Amino acid sequence: MTRVLVLVAVLALAVGCASGSSSGPGADPAPSPAAAAVPADVARGLDALIATAESGPSGGSAWPSVIQAPHRQVDRDVGVAGIAAGLLAVAEGAPEGSVRDRSLDTVRDAADFLVAAQRGAGRFPDYVDPDGVAGYAYSSYDDGAAGVADLLWTAGERLDEPRYRDAARAATAWLVERAEDVPGAPACPQVCRWAWSDDGPPSYRNGMGEGQAGIVYALSVLADRTGDRRLAAYAAGGGAYLLSQQGPDGGMPERADQPARNTGFLSGAAGAAFTFLRLHQATGEQRWRDGAERALDFLDRTAVPAAGGSTWPIWVDPEGAPGNPRRATGMEEGAAGIGWVSLQAAEILDDDGHRARAEAAGRWLLAVGQTRDGGGVSWPEFEGSPISHLSTNSGAAGTGWYLDTLGRVTGEAVYRDAAVDAQRWLAASMRPDGTWPSNVTDGRPQLLGEPSWHWGSAGILAFLARMSGGPVDSPGMQPPLVPLR
């Protein structure tokens, strides 16, 4: 019976894709041409994700990570907070009440686990297992308190649960307590930085995922949500430190002790530009706009023309020479993430040059997409790589999501069609148990059943919900700063 259902779903995808569809710039979000099969895929994937949840030692539900086995991580990267974010996206786009209700019930279980996971108010250890708890906690968006706080506040609002919002406030208070002065600079909160972990020698990282940019973004957003202007002051102080780290070329080193400039959203210039745009949006201050424009100009200078579009080395040295010449495709390190930030810059800064950069990234992504034997299209992790991810971080879900957004903004059906092809590959790659492999390497599925947002089912489900008309546009986990149609 399972094989019959899978066959029906795949046939429905094929019929839907053949029909075609496009919408002009400014149109409201609409289901993809293949959307007829999406509700069934989302429902099956949701059931499988719920089935793998395990009861937490102090309440709620958690998921053992395949990538970080056997730990029950708390974070946005491979942990419970990221899974909850995916479930919230599914709930917002669910075409039927039962899927929405099951998603929200599971978000509640995840949030209960996170509240119970605290060791001290607002301190979230890296993992909480039945037989042990991590002795360290992270400050960052992907790994620690900043991202957990953002998720818990969102869950608290959606579920009308004050205790989740209280836990989010506790996490931001923990971040404020850990803010550090910077030698030679005015005292925090005028200029602030955060060590990545509260254990061992401090590591000062600048990125959206593991460092300063993500913390500043979260504090700025939560300042608006809570009305706590103290958080806004610390966000501005963190932004001031981030500006001090920006090189004269506009590039952003991944870490304070490494001069190499990273280009991507996770750890480099694209993520820094996103945070500066957020601060400019919140305050109207020119210094944040200038920082964003310098970072985006840096991306123009480091772009490599290829296949009628543009791509970027993962990082360059201070003189601009590629230090890692690999040209990544995905949301976190590659062209998709740079393009997605560029679309927001075009809207916020009213500059079509940023939209041109986004389209150049899209043209290259179209050129390097790989047609799959089982149907649809995937992207190599970087040009020439034997690894094709299915996930949001570096794979078809995130890259397809970006191309879908690019198609909505530009009205160009070719980008929308590529997103549908990504959707088709994900449908064809779903396993009989309703899970996906995290990646396919040399034709072989790897890391089967990973539940997370960045690397597994939660992010894939969020993408599929978006393709069926869901309102959440968040391929990099952070929502866009302005609606991208």
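**Exercise 1.** With which residue does Arg-163 form a salt bridge, and how far apart are the closest N and O atoms?

*Solution.* The structure is a predicted model.
Step 1. The criterion requires a side-chain nitrogen of Lys or Arg within 4 Å of a carboxyl oxygen of Asp or Glu.
Step 2. The partner of Arg-163 is Asp-112, with the closest N and O atoms 2.6 Å apart.
Step 3. Arg-163 belongs to helix 6 (residues 162–178) and Asp-112 to helix 4 (residues 97–117), so the pair ties together parts 51 residues apart in sequence.
Step 4. The relative accessible area of Arg-163 is 38%; Arg-163 is therefore partly exposed, since that class lies between 20% and 50%.

**Exercise 2.** Determine which elements are linked by the salt bridge of Asp-300 and Arg-357, and classify both residues by accessibility.

*Solution.*
Step 1. The two side chains meet at 2.8 Å, N to O.
Step 2. Asp-300 lies in helix 10 (residues 286–302) and Arg-357 in helix 12 (residues 352–368); the pair thus links distant parts of the chain, 57 residues apart.
Step 3. Asp-300 is partly exposed at 41% relative accessibility, whereas Arg-357, at 5%, is buried.

**Exercise 3.** Which residues are joined with Arg-163 into one network by salt bridges that share partners?

*Solution.* The network consists of Arg-108, Asp-112, Glu-161 and Arg-163.

**Exercise 4.** Assess the pair Asp-224 and Arg-229 against the distance criterion, and state the total count of salt bridges.

*Solution.*
Step 1. The closest N and O atoms of Asp-224 and Arg-229 are 3.8 Å apart; the pair therefore qualifies under the 4 Å limit.
Step 2. Asp-224 is partly exposed, at 44% relative accessibility.
Step 3. The count comes to 26 salt bridges.

Key. Residues numbered from 1 in each chain as written. Predicted model: local features only at pLDDT ≥ 70, side-chain atom pairs only at ≥ 80, totals over all residues. Heavy atoms only, no water. Helix = DSSP H or I, 4+ residues; strand = E, 2+ residues; numbered from the N terminus. Buried < 20%, exposed > 50% of the residue type's maximum accessible area, 1.4 Å probe, protein only.
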